[in-house]
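User: I've just opened this one and I'm a bit lost. Can we go through it together, with some questions as we go?

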Amino acid sequence: MARYYEINEAEARAAHEANSMREFKAGSETEGYRAQVDEAYRIADEQAERFPELAEKAYALADRFARKYAEWLNEGYRIDAMCPSILVSGGGNFPVRKKERQNARRSSHMERYEKVMGIKRRIASIGTGGIQAGDPNALEKLEAKAKRLEDRQDMMKRANAHYRKHGTLEGFDGVDHDEAEHVRHDMERFGMSQPFPSWQLSNNLATIKRTHARIAELQREKEADTEDRETEINGEPCTVVENADIMRLQLVFDGKPEDGTRERLKANGFRWSPKNGAWQRQLTDNARRALKALEA
């Protein structure tokens with residue numbers, strides 16, 4: 001059952017009246033907040049059903065989202081109520097410095113929004129472990145992720161350009177009337193000059209660059225033409241296999257290594273794989289360095 005935290009409706013009303021000429025709908029902020037929390041708990045329910053052993057973690061994250069989102073909203077109301085919009089108060093004796101301080105706080109407040117919403121994404125990713133280098137399909141998954149991020153970057157740029165030209169998102173591909181109204185409300189509330197602020201574009205671009213860097217690293221690993229070679233660990237002969245198909249550095253012994261050898265293998269991150277008949281760890285430069293340490 002979802003747990004809700006208090007939304008300061010009185011402060012929400014004050015913030016609304018300081019920034020909009022429209023009538024404030026009592027209870028609307030709590031209603032919107034609870035819809036987001038319900039969605040977080042719905043995702044947690046799905047993950048708990050798929051991964052019963054991780055149910056406690058899923059619901060703990062849902063509760064964390066409910067609490068952090070309430071905190072974020074309430075802080076936003078306080079910021080919005082600090083100084084009225086010039087459209088509400090008029091230009092006479094308008095407190096410019098106070099508005100500048102408010103806008104600075106709004107900017108940092110909006111940046112925290114991504115962190116709060118990231119909690120919901122963490123619930124959805126429970127049990128998946130993200131895209132690991134050892135996943136044989138990691139390269140394909142990373143390329144798909146990069147494509148999604150690039151498509152979003154392009155969409156955000158086009159949306160901002162459409163808004164600059166038309167002053168609205170109405171008529172923009174992929175955004176219906178309700179979504180356009182939601183964006184208009186957020187822009188009005190947070191004093192944003194465009195639908196997608198520069199920090200959001202910058203953060204997404206940084207993620208794109210990191211993803212492409214990981215793709216390049218994995219491509220180098222997969223394309224490395226390294227032949228199997230013989231070596232010795234603690235005086236015991238074994239074959240070194242760089243298995244790019246499953247992204248594993250494997251050590252194949254003729255039989256079961258001695259106790260001391262097994263301890264050294266484990267201490268350097270190698271684990272026995274009955275399926276592959278080898279001691280192995282993810283194929284990375286760190287794994288190669290660990291192997292050199294074993295060979296020393």
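User: Which element gives the most to the lining of the largest pocket?
Analyst: A pocket is an open set of points on a 1 Å grid over the protein atoms alone, where a 1.4 Å probe fits and protein lies on both sides within 12 Å along at least five of seven lines; lining residues have an atom within 4 Å of a point. Helices are DSSP runs (H or I) of at least four residues and strands are E runs of at least two, numbered from the N terminus. With 10 residues in the lining of the largest pocket, the top giver is H7.

User: What kind of model is this?
Analyst: Residues are numbered from 1 along each chain as its sequence is written, and side-chain values use heavy atoms, leaving out hydrogens and water. Local features need pLDDT of at least 70 and side-chain atom pairs count only at pLDDT 80 or more, while totals for chains, interfaces and linings use all residues, because this is a predicted model.

User: What is the volume of the largest pocket?
Analyst: Volume here is the space filled by probe spheres set on the grid points, which are joined across faces, edges and corners. For the largest pocket that comes to about 1,100 Å³.

User: Which residues are the closest to its centre?
Analyst: The largest pocket has 39 lining residues to pick from. H2, H3, H5, H6, H7 and H8 are the elements that give two or more of them. Closest to the centre are Tyr113, His182, Val183, His185 and Asp186.

User: Which helix gives the most to the lining of the second largest pocket?
Analyst: This pocket has 28 lining residues, and those nearest its centre include Arg121, Lys145 and Leu149. H5, H6 and H8 each give two or more residues to that lining. The top giver, with 9 residues, is H8.

User: How far apart should the ends of helix H2 be?
Analyst: The rule is 1.5 Å times one less than the number of residues. H2 has 23 residues (28-50), and its end C-alpha atoms are 34 Å apart, which agrees with the expected span of 33 Å.

User: Is leucine 61 buried or exposed?
Analyst: Leucine 61 sits in helix H3. Buried means under 20% relative accessible area, exposed over 50% and partly exposed in between (1.4 Å probe, protein chains only). Leucine 61 has 7% relative accessibility, so it counts as buried.

User: Which helix gives the most to the largest nonpolar core?
Analyst: A nonpolar core joins buried Ala, Val, Leu, Ile, Met, Phe, Trp, Tyr and Cys residues through side-chain atoms within 4.5 Å. This one has 27 residues, and Tyr33, Phe65, Tyr69, Leu73 and Ile123 touch the most other members. H1, H2, H3 and H5 each supply at least two residues. With 10 residues, the biggest share comes from H3.

User: What is phi near in methionine 247?
Analyst: Methionine 247 is in the loop between S2 and S3. At 1% relative accessibility, it counts as buried. Most residues other than glycine have a negative phi. In methionine 247, though, phi is positive, near 55°.

User: What is the radius of gyration of the protein chain?
Analyst: The chain has 10 helices and 5 strands. The globule rule, 2.2 Å times the number of residues to the power 0.38, goes with a radius taken over C-alpha atoms. For 296 residues the rule gives 19 Å, so the chain is more spread out than a compact globule, with a radius of gyration of 27 Å.
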